[in-house]
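Work through the exercises below with the model open beside you. Try each task before reading its solution.

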Amino acid sequence: MTDTNENRIALVTGAGRGIGKSVAELLAKKGHHVICVSQSPASCGAVADAINASGASAQALAVDVSDKAAVHAACEQLLAEHGNIDILVNNAGITRDGLLFRMSDADWDDVMATNLSSCFSWVKHLARPMTRKRWGRIINMASVIGLT
(Lines give C-alpha, C1' and ligand atoms only; values in the text may rest on other atoms or scores of the structure.)
Protein backbone atom coordinates (compact mmCIF):
# COMPACT_ATOMS: atom_id res chain seq x y z
CA MET A 1 0.00 0.00 0.00
CA THR A 2 1.45 3.32 -0.99
CA ASP A 3 1.19 6.16 1.48
CA THR A 4 -0.88 8.64 -0.47
CA ASN A 5 -3.71 10.74 0.86
CA GLU A 6 -6.22 8.62 -1.07
CA ASN A 7 -5.05 5.41 0.60
CA ARG A 8 -5.15 6.61 4.19
CA ILE A 9 -7.61 5.10 6.63
CA ALA A 10 -9.33 7.39 9.14
CA LEU A 11 -11.38 6.29 12.13
CA VAL A 12 -13.80 8.74 13.73
CA THR A 13 -15.59 7.91 16.97
CA GLY A 14 -18.93 9.57 17.60
CA ALA A 15 -19.39 9.76 13.83
CA GLY A 16 -23.13 9.12 13.95
CA ARG A 17 -24.06 12.78 14.33
CA GLY A 18 -22.88 16.28 15.13
CA ILE A 19 -19.20 17.17 14.99
CA GLY A 20 -18.13 13.55 14.46
CA LYS A 21 -20.36 13.25 11.41
CA SER A 22 -18.95 16.50 9.98
CA VAL A 23 -15.38 15.35 10.61
CA ALA A 24 -16.08 12.00 8.92
CA GLU A 25 -17.59 13.74 5.89
CA LEU A 26 -14.66 16.16 5.61
CA LEU A 27 -12.06 13.38 5.84
CA ALA A 28 -13.94 11.44 3.16
CA LYS A 29 -14.00 14.52 0.90
CA LYS A 30 -10.22 14.73 1.36
CA GLY A 31 -9.92 11.24 -0.11
CA HIS A 32 -9.56 9.13 3.02
CA HIS A 33 -11.45 5.89 3.64
CA VAL A 34 -13.43 6.68 6.79
CA ILE A 35 -14.51 4.21 9.45
CA CYS A 36 -17.56 5.76 11.10
CA VAL A 37 -17.81 4.55 14.70
CA SER A 38 -20.90 5.02 16.81
CA GLN A 39 -22.68 3.02 19.45
CA SER A 40 -25.74 2.98 17.22
CA PRO A 41 -25.50 0.80 14.08
CA ALA A 42 -28.23 2.92 12.49
CA SER A 43 -26.48 6.28 12.96
CA CYS A 44 -22.98 5.23 11.89
CA GLY A 45 -24.52 3.21 9.06
CA ALA A 46 -26.47 6.20 7.78
CA VAL A 47 -23.36 8.39 7.79
CA ALA A 48 -21.25 5.74 6.02
CA ASP A 49 -24.02 5.17 3.47
CA ALA A 50 -24.25 8.92 2.74
CA ILE A 51 -20.48 9.17 2.32
CA ASN A 52 -20.46 6.19 -0.04
CA ALA A 53 -23.40 7.64 -1.99
CA SER A 54 -21.38 10.83 -2.49
CA GLY A 55 -18.68 8.83 -4.24
CA ALA A 56 -16.26 8.73 -1.33
CA SER A 57 -15.34 5.68 0.75
CA ALA A 58 -16.61 4.76 4.22
CA GLN A 59 -17.71 1.92 6.40
CA ALA A 60 -19.76 1.76 9.58
CA LEU A 61 -18.69 0.10 12.79
CA ALA A 62 -20.98 -0.01 15.81
CA VAL A 63 -18.89 -0.06 19.00
CA ASP A 64 -19.63 0.94 22.58
CA VAL A 65 -16.45 2.99 23.07
CA SER A 66 -16.81 2.81 26.85
CA ASP A 67 -16.31 -0.98 26.67
CA LYS A 68 -12.55 -1.61 26.62
CA ALA A 69 -12.95 -5.19 25.41
CA ALA A 70 -15.22 -4.06 22.56
CA VAL A 71 -12.70 -1.41 21.49
CA HIS A 72 -9.87 -3.96 21.63
CA ALA A 73 -11.88 -6.41 19.48
CA ALA A 74 -12.76 -3.63 17.01
CA CYS A 75 -9.09 -2.63 16.72
CA GLU A 76 -8.03 -6.22 16.11
CA GLN A 77 -10.69 -6.56 13.40
CA LEU A 78 -9.76 -3.27 11.73
CA LEU A 79 -6.02 -3.93 11.80
CA ALA A 80 -6.59 -7.37 10.28
CA GLU A 81 -8.79 -5.82 7.59
CA HIS A 82 -6.82 -2.65 6.79
CA GLY A 83 -3.31 -3.26 8.14
CA ASN A 84 -3.29 0.03 9.98
CA ILE A 85 -5.32 3.10 10.85
CA ASP A 86 -3.58 6.30 9.78
CA ILE A 87 -5.84 8.89 11.39
CA LEU A 88 -7.68 8.46 14.68
CA VAL A 89 -10.22 11.07 15.74
CA ASN A 90 -11.47 10.47 19.28
CA ASN A 91 -14.67 12.47 19.23
CA ALA A 92 -17.23 10.30 21.07
CA GLY A 93 -18.58 11.87 24.21
CA ILE A 94 -21.56 11.98 26.49
CA THR A 95 -22.87 14.58 28.89
CA ARG A 96 -24.43 14.08 32.28
CA ASP A 97 -24.80 17.75 33.13
CA GLY A 98 -26.01 18.74 36.54
CA LEU A 99 -24.84 19.74 39.95
CA LEU A 100 -21.98 17.71 41.31
CA PHE A 101 -24.03 16.94 44.40
CA ARG A 102 -26.70 15.29 42.29
CA MET A 103 -24.38 13.36 40.00
CA SER A 104 -24.40 9.65 40.70
CA ASP A 105 -21.26 7.54 40.76
CA ALA A 106 -22.67 5.61 37.78
CA ASP A 107 -23.07 8.82 35.74
CA TRP A 108 -19.50 9.86 36.59
CA ASP A 109 -18.18 6.44 35.59
CA ASP A 110 -20.12 6.54 32.30
CA VAL A 111 -18.74 9.97 31.40
CA MET A 112 -15.16 9.01 32.28
CA ALA A 113 -15.37 5.70 30.37
CA THR A 114 -16.84 7.30 27.26
CA ASN A 115 -15.06 10.64 27.17
CA LEU A 116 -11.65 9.75 28.56
CA SER A 117 -10.91 6.03 28.90
CA SER A 118 -12.13 5.33 25.38
CA CYS A 119 -9.44 7.65 23.99
CA PHE A 120 -6.78 5.68 25.86
CA SER A 121 -8.21 2.39 24.57
CA TRP A 122 -8.23 3.42 20.89
CA VAL A 123 -4.75 4.99 21.09
CA LYS A 124 -3.32 2.02 22.96
CA HIS A 125 -4.29 -0.34 20.17
CA LEU A 126 -3.80 1.85 17.10
CA ALA A 127 -0.71 3.96 17.83
CA ARG A 128 1.88 1.18 17.53
CA PRO A 129 1.15 0.51 13.83
CA MET A 130 1.30 4.28 13.21
CA THR A 131 4.70 4.37 14.89
CA ARG A 132 5.97 1.45 12.82
CA LYS A 133 4.80 3.16 9.64
CA ARG A 134 6.30 6.45 10.83
CA TRP A 135 3.11 8.29 9.96
CA GLY A 136 -0.12 8.84 11.80
CA ARG A 137 -2.37 11.43 13.34
CA ILE A 138 -4.31 11.23 16.61
CA ILE A 139 -6.83 13.95 17.34
CA ASN A 140 -8.58 14.00 20.72
CA MET A 141 -11.62 16.24 20.70
CA ALA A 142 -13.21 17.71 23.82
CA SER A 143 -16.22 19.82 24.61
CA VAL A 144 -16.05 23.26 26.14
CA ILE A 145 -17.89 21.64 29.06
CA GLY A 146 -14.59 19.87 29.80
CA LEU A 147 -13.20 23.21 30.91
CA THR A 148 -15.83 23.58 33.58
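Three exercises follow, on two helices, the nonpolar cores and one aromatic ring.

This is a predicted model, in which local features need pLDDT of at least 70, side-chain atom pairs count only at pLDDT 80 or more, and totals for chains, interfaces and linings use all residues. Residues are numbered from 1 along each chain as its sequence is written, and side-chain values use heavy atoms, with hydrogens and water left out.

**Exercise 1. Two helices**

Task: find which residues of H1 and H2 are buried, and what covers them.

Solution:
- Step 1. Locate H1. Helices are DSSP runs of H or I, at least four residues, and strands are runs of E, at least two; both are numbered from the N terminus. H1 covers residues 18-29.
- Step 2. Sort its residues. Buried means under 20% relative accessible area, exposed over 50%, and partly exposed in between, with a 1.4 Å probe and protein chains only. Gly20, Ala24, Leu27 and Ala28 of H1 are buried. Down the axis of H1 these fall within an arc of 100 degrees (taken from the directions from the helix axis to the C-beta atoms), so they line one face of the helix. Ile19 and Lys29 are exposed on the other side of H1.
- Step 3. Find the cover, using contact (heavy atoms within 4.5 Å). For H1 it includes strands S1 (9-13), S2 (33-38) and S4 (87-90), and helix H2 (41-53).
- Step 4. Repeat for H2. Its buried residues are Cys44, Gly45, Val47, Ala48 and Ile51. Their arc is only 165 degrees, which puts them on the same side of H2. Ala42, Asp49 and Ala53 are exposed on the other side. H1, S2 and strand S3 (58-62) are among the cover of H2.

**Exercise 2. The cores**

Task: which residues have the most contacts inside the largest nonpolar core?

Solution:
- Step 1. Define the core: buried Ala, Val, Leu, Ile, Met, Phe, Trp, Tyr and Cys residues joined through side-chain atoms within 4.5 Å.
- Step 2. Read off the leaders. The largest core has 18 residues, and Leu11, Ile35, Val37, Trp122 and Leu126 have the most contacts inside it.
- Step 3. Trace the sources. S1, S2, H3 (68-82) and H4 (105-133) each supply at least two residues. H3 gives the largest share, five residues.

**Exercise 3. One ring**

Task: which charged side chains sit over Trp135?

Solution:
- Step 1. Apply the rule: NZ of Lys or CZ of Arg within 6 Å of the ring centre and within 35 degrees of the ring normal.
- Step 2. Arg8 lies over the face of Trp135, 3.6 Å from the ring centre.
- Step 3. The charged end of Arg137 also sits over this ring, 4.3 Å from its centre.

Note on methods: Expected span 1.5 Å × (residues − 1).
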